[in-house]
Amino acid sequence: MNDSIVTLKITRFDPSLDGEPYVTEHDVPWKECLTVLQALQYVNEHYDPVSFDYSCRGGLCGRCGCMVDGTPRLACYTVLEPGEHTLEPLAAFPVVRDLTVDKSGFTRKLDDSVVAVMSQADMATSPEISYELYWNVLDRLQKCRECGNCVSICPVYAENTAGYAGPAVFSQIFLRTSDGLDEADRVLQAVESGVMACQLCGKCDSVCPVGINHIDAHGQLQQKARERGLAEKAGALVEAI
Ligand code: SF4
Ligand code: SF4
Ligand code: FES
């Protein structure tokens, strides 16, 4: 292995031209802390143009996700070692071209699901949120980048994209349960969104760039649903999913 070279095997596909995806291979000079995004920019400047999405280059916008060696990662936040690496479009999303995918359906679903349903109560009477709850749980939840990494690796989402809203949505619904002024029945909403089908496998946790603890959030929603006797409703939904 040449330890000064990164060889990228990039899956290419233009739905308007190509019958099947194909792979192109490009050598990129390695340097310490070379990110996937920098390597892609090198390919763009020195070889064929490759289509990919990005904006902030700093892990904030969530736009640069792709499969790096089979795992969903943010391209701007993933450092490459010398050797061969595969780059594919983020799984679970329609391909626009090469590594660019259409996340509009996902972000719409995510945004719609967490719209606050506010009560008329005085803000001052809203229950206080403890320091520990805010910094240990809520702060991470509200930093969701809408990158889609979690849904790309979720085995249940891969089987049931229509009826299973997926980890990002469940965790944002859970975030709303701590809002004392929100009047929606978030546990019922989570059940109707398919949370009881979550296997609590933790794969979504392993690829979330902001470290959201989905297992804890989904587990708490499932527990609250069981306590309220929503398991039967959930069972019917899970079968239908
Ligand atoms: S914990 Fe649940 S939501 Fe996350 S990857 Fe596993 S099944 Fe999917
Ligand atoms: S929960 Fe994490 S992995 Fe999923 S969309 Fe939000 S930031 Fe990305
Ligand atoms: S470019 Fe914004 S998160 Fe990577």
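Student: Let's start with β3, residues 65–68: are the residues on its two faces buried or exposed?
Tutor: Keep in mind that this is a predicted model. On one side of β3 sit Gly-65 and Met-67, and on the other Cys-66 and Val-68. Each of these four falls under 20% relative accessible area, the cut-off used here. Both faces are covered, so to speak, and the four residues are all buried.

Student: How many bridges join β3 to β4, and which residue of β4 is the bridge partner of Val-68?
Tutor: β4 covers residues 71–74 and runs antiparallel to β3. Four bridges join the two strands. For Val-68, the partner in β4 is Thr-71.

Student: Which residue in the hairpin of β3 and β4 takes a positive phi?
Tutor: Look at the turn, where two residues lie between the strands. One residue there has a positive phi near 50 degrees, and that is Asp-69.

Student: What about β5: which of its residues is the bridge partner of Met-67?
Tutor: β5 spans residues 83–88 and pairs with β3 in the antiparallel sense, over two bridges. Met-67, one of the buried residues of β3, has as its bridge partner in β5 Glu-88.

Student: And where does β1 come in: do β1 and β5 run parallel or antiparallel?
Tutor: β1 takes in residues 5–12, and five bridges join it to β5. Val-6 stands opposite Gly-83 of β5. As for direction, β1 and β5 run parallel.

Student: In what order do the five strands form the open sheet, and which are the edge strands?
Tutor: The order is β2-β1-β5-β3-β4, with mixed pairing. An edge strand pairs on one side only, which is the case for β2 (22–29) and β4. Neighbouring strands are turned against each other by 35 degrees on average, direction ignored. To come back to the edges, they are β2 and β4.

Student: On to the ligands: which helices each supply at least two residues of the shell around ligand 1?
Tutor: The shell holds 13 residues, and the closest are Cys-154, Cys-198, Gln-199, Cys-201 and Cys-204. By class, the shell has nine nonpolar, three polar and one charged. The helices you're after are α5 (155–159) and α8 (203–207).

Student: How many charged residues are in the shell around ligand 2?
Tutor: Here too 13 residues surround the ligand, the closest being Cys-144, Arg-145, Cys-147, Cys-150 and Cys-208. Eight of the shell residues are nonpolar and three are polar. The charged ones number two.

Conventions
Residues are numbered from 1 along each chain as its sequence is written. Chains are lettered from A and ligands numbered from 1 in the order in which they are written. This is a predicted model: local features need pLDDT of at least 70, side-chain atom pairs count only at pLDDT 80 or more; totals for chains, interfaces and linings use all residues. Side-chain values use heavy atoms; hydrogens and water are left out. A residue is near a molecule or strand if one of its heavy atoms lies within 4 Å of it. Ala, Val, Leu, Ile, Met, Phe, Trp, Tyr, Cys and Pro count as nonpolar, Asp, Glu, Lys and Arg as charged, and the others, Gly among them, as polar. Buried means under 20% relative accessible area, exposed over 50%, partly exposed in between (1.4 Å probe, protein chains only). Two strands pair if DSSP finds at least two bridges between them. Axes are lines fitted to C-alpha atoms, for helices over the stretch in contact, and angles run from 0 to 180 degrees between N-to-C directions.
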